[in-house]
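Open the model in your viewer and keep the sequence panel beside it. The stops below are given in the order in which to select them.

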Amino acid sequence: MSRFEINLMLLAGIAITCCAALPFMTEGFYLTLAVNIALYIALCTAWTLFSGPTHLVSLATAAFFGIGIYATAIGIEYLPFPLAILCGGLAGALFAAAVGAMTLRLSGVYFVIFTLGLAELARQIVTYLQTKIFGSIGLFVLTDHTEGDLFYYLLALIVAIFVTGWLIGRSRLGFAMRVIGNDELVAKHFGIEVARSKIILFVISGGFIAMAGAIMAPRYAYVEPASAFNATMSFMVVIMALLGGTRRLWGPLVGVVPFTIVTDFISANFPEHINIMIGLAFLLIVYLLKDGVSGLIDKAMRTRRGTRLQGAKS
Amino acid sequence: MTTPILQIDYLRKEFGGLVAVNDVSFAVAEGELLGLIGPNGSGKTTTMNLISGAMPATAGTIRLDGQSISELTAAAISRAGVARTFQLVRILPEMSAIENVIAGGVYSRANRWGPEAETRARELLARVGLEERSELALSAMTYIDQKRVELARALAADPRLLLLDEWLAGLNPTELQMAIGLIRSIHDEGMTIIMVEHVMDAIRSLCDRCVVMSSGTKIGEGATADVLSDPHVMAAYLGEE
Ligand SMILES: Nc1ncnc2c1ncn2[C@@H]1O[C@H](COP(=O)(O)OP(=O)(O)O)[C@@H](O)[C@H]1O
Ligand SMILES: [Mg+2]
């Protein structure tokens, strides 16, 4: 571990402690905002686990998230909340495995388009099953979990995602993913099963996203397919993750916090302009900030280190 | 007679109407250093690509240790023990030299990971003369150094068969002598090698035997000295100019 990483972990520890104290100090508006930020940190970091190293843009977030919501909506009658969350994660992972096996052999653009259709597909399937089995469209999610509880669950999920990402980064799989990201042909020529490696990451990422959905289910109170599978969420996650940068595990953090606050402000004050803003932000990020804010930070640090090295040599 | 390590029979590759490899057959014995020569565009690189599984053959069979590898993917062929360098170098630009070499052994036949993989990678970098530059990103290296990393990466796979595609191209005379010495020492340790090469001095001093290709067809095969004095072969080379 580099010194920079150690510093970062320290910082993260402090941040988590501060966050954990938050629900005691605030309520209402700020707590809701904090939950939103925590939610998008979880979603974007989980998304980056897969899309960062593979450079494949997944728009399947809404599909996994909706599956998670339904896992809680159905499971909460029979299971304690934490178990329902785990079931949600499992359901998301299974769905990701099936989808990944079918699509991850496709090239980039086809994959993006397919994942875009996925939320809609999941929505249709759920609608069909629900009307067949339950005879109604919606489901009540009645729990006594407060916004503050959800915040703690999200915080725990974020920690789990970061630890997983860190472990992957040190593992053979993580190394293989870097090789694939550098040159897929070389990867194949040195024994790496490219498709299988991508599927494993997709499964992990999808599982975590579904867990986030399962955690958020109590907020919905009444769940129906149209609200559970919301395609805008998929785009929001892509924008925030790209804004922060996907080359580092902590990259999305840098994007989520300001973007969530700004989005919240705009949707509260100028609700009809929110889509324009999302579109503009997307264009700006793609054109101006290829590696995101964290990419800029990385570059600045490299330049500094580079000049220091040169200084040491001369 | 023992089974050859590599046996190629009636290998054929068509790109649309173009026949890049036209029913080529040859074998390589264990421990042999075979030269694959011929004018530009004669199908040498394509033959290497078929052996390493970069692309499927149109027809024919390739056997490694008597087992057909024609239907295997490049990854499976790598695990079976074939490693290669590329005519146009293919490095992992954002990774360091040491990581590039480690990458050669993690999932291939060597199946090596952790401190053991790092130690082995350092040995190999030293062997190609890059021990001082092991932490450098590959994108910051010269073309020649990138080629050296490629060789070290292929060796990290612990291959049974090593394919070198014009690995000597672009070297100056001093570098060439060192590189020839390096390949000889690898061969002396028992490595089976097929080298595609245009540098005739290297072919003469290294290869026991040569296969000559022209326009996708095998036009000669035999002891290096005999092949290089064959008027047929000379005509193919001269015809190019
Ligand atoms: N991927 C490919 N697609 C189409 N044609 C190819 C491809 N690779 C090689 N060729 C053609 O096959 C012939 C043999 O090429 P190659 O094997 O690279 O020759 P050599 O390595 O002997 O110079 C050439 O005419 C080349 O243009
Ligand atoms: Mg060639």
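In which sense do strand 7 and strand 8 of chain B pair, and over how many bridges? Select residues 161-165 and then 192-196 of chain B: strand 7 and strand 8 pair in the parallel sense, over five bridges. Two strands count as paired if DSSP finds at least two bridges between them. Helices (H or I, at least four residues) and strands (E, at least two) are DSSP runs, numbered from the N terminus.

This is a predicted model, in which local features need pLDDT of at least 70, side-chain atom pairs count only at pLDDT 80 or more, and totals for chains, interfaces and linings use all residues. Residues are numbered from 1 along each chain as its sequence is written, chains are lettered from A and ligands numbered from 1 in the order in which they are written, and side-chain values use heavy atoms, with hydrogens and water left out.

**Strand 8 of chain B**

Stay on strand 7 and find B:L164, which stands opposite B:M195 in strand 8. From strand 7 the chain passes through helix 6 (residues 173-188) to strand 8, a β-α-β crossover that is right-handed (with the strands pointing away from the viewer, the path from the first strand over the helix to the second runs clockwise).

Next add strand 3 (residues 33-37) of chain B, which runs parallel to strand 8 and is joined to it by four bridges. Here B:G35 is the residue opposite B:M195.

Now show the side chains of strand 8. B:T192, B:I194 and B:V196 point one way, B:I193 and B:M195 the other, and all are buried. Buried means under 20% relative accessible area, exposed over 50%, and partly exposed in between (1.4 Å probe, protein chains only).

**The magnesium ion**

Select ligand 2, the magnesium ion: its protein donors are B:T45 (OG1) and B:Q87 (OE1), at 2.0 to 2.1 Å. Donors are N, O and S atoms within 2.8 Å of the metal (3.2 Å for Na, K and Ca); water is not among the atoms, so sites may look incomplete. B:T45 belongs to helix 1 (residues 44-52) of chain B and B:Q87 to the loop between strand 6 (82-84) and helix 3 (97-106), so the pair ties together parts that are 42 residues apart in sequence. B:T45 is partly exposed at 24% relative accessible area, and B:Q87 is partly exposed at 30%.

Extend the selection to the whole of helix 1 of chain B. Eight of its nine residues are buried, so helix 1 is largely enclosed by the rest of the structure. Among the buried ones are B:K44, B:M48 and B:L50. After helix 1 comes B:G53, with a positive phi near 85°.

**Helix 5 of chain B**

Move to B:D145 in helix 5 (residues 143-156) of chain B. B:D145 is buried, with a relative accessible area of 6%. Leaving aside residues up to four places away in sequence, B:D145 touches B:L130 and B:R133 (contact means heavy atoms within 4.5 Å).

**Chain A and the interface**

Colour chain A by secondary structure to see 14 helices and two strands. Of its 314 residues, 46% are buried.

Then select the contact between the chains, with 19 residues from chain A and 28 residues from chain B. A:R172, A:H189 and A:F190 supply 37% of the area that chain A buries against chain B, more than any other three residues. Buried area is the accessible area (1.4 Å probe) that two parts lose on being put together, summed over both. Between chain A and chain B it is about 2,200 Å², with 60% from carbon and sulfur atoms.

Finish on the salt bridge between the side chains of B:R79 and A:E193 (2.6 Å, N to O). Three salt bridges are found across this interface, each a side-chain nitrogen of Lys or Arg within 4 Å of a carboxyl oxygen of Asp or Glu.
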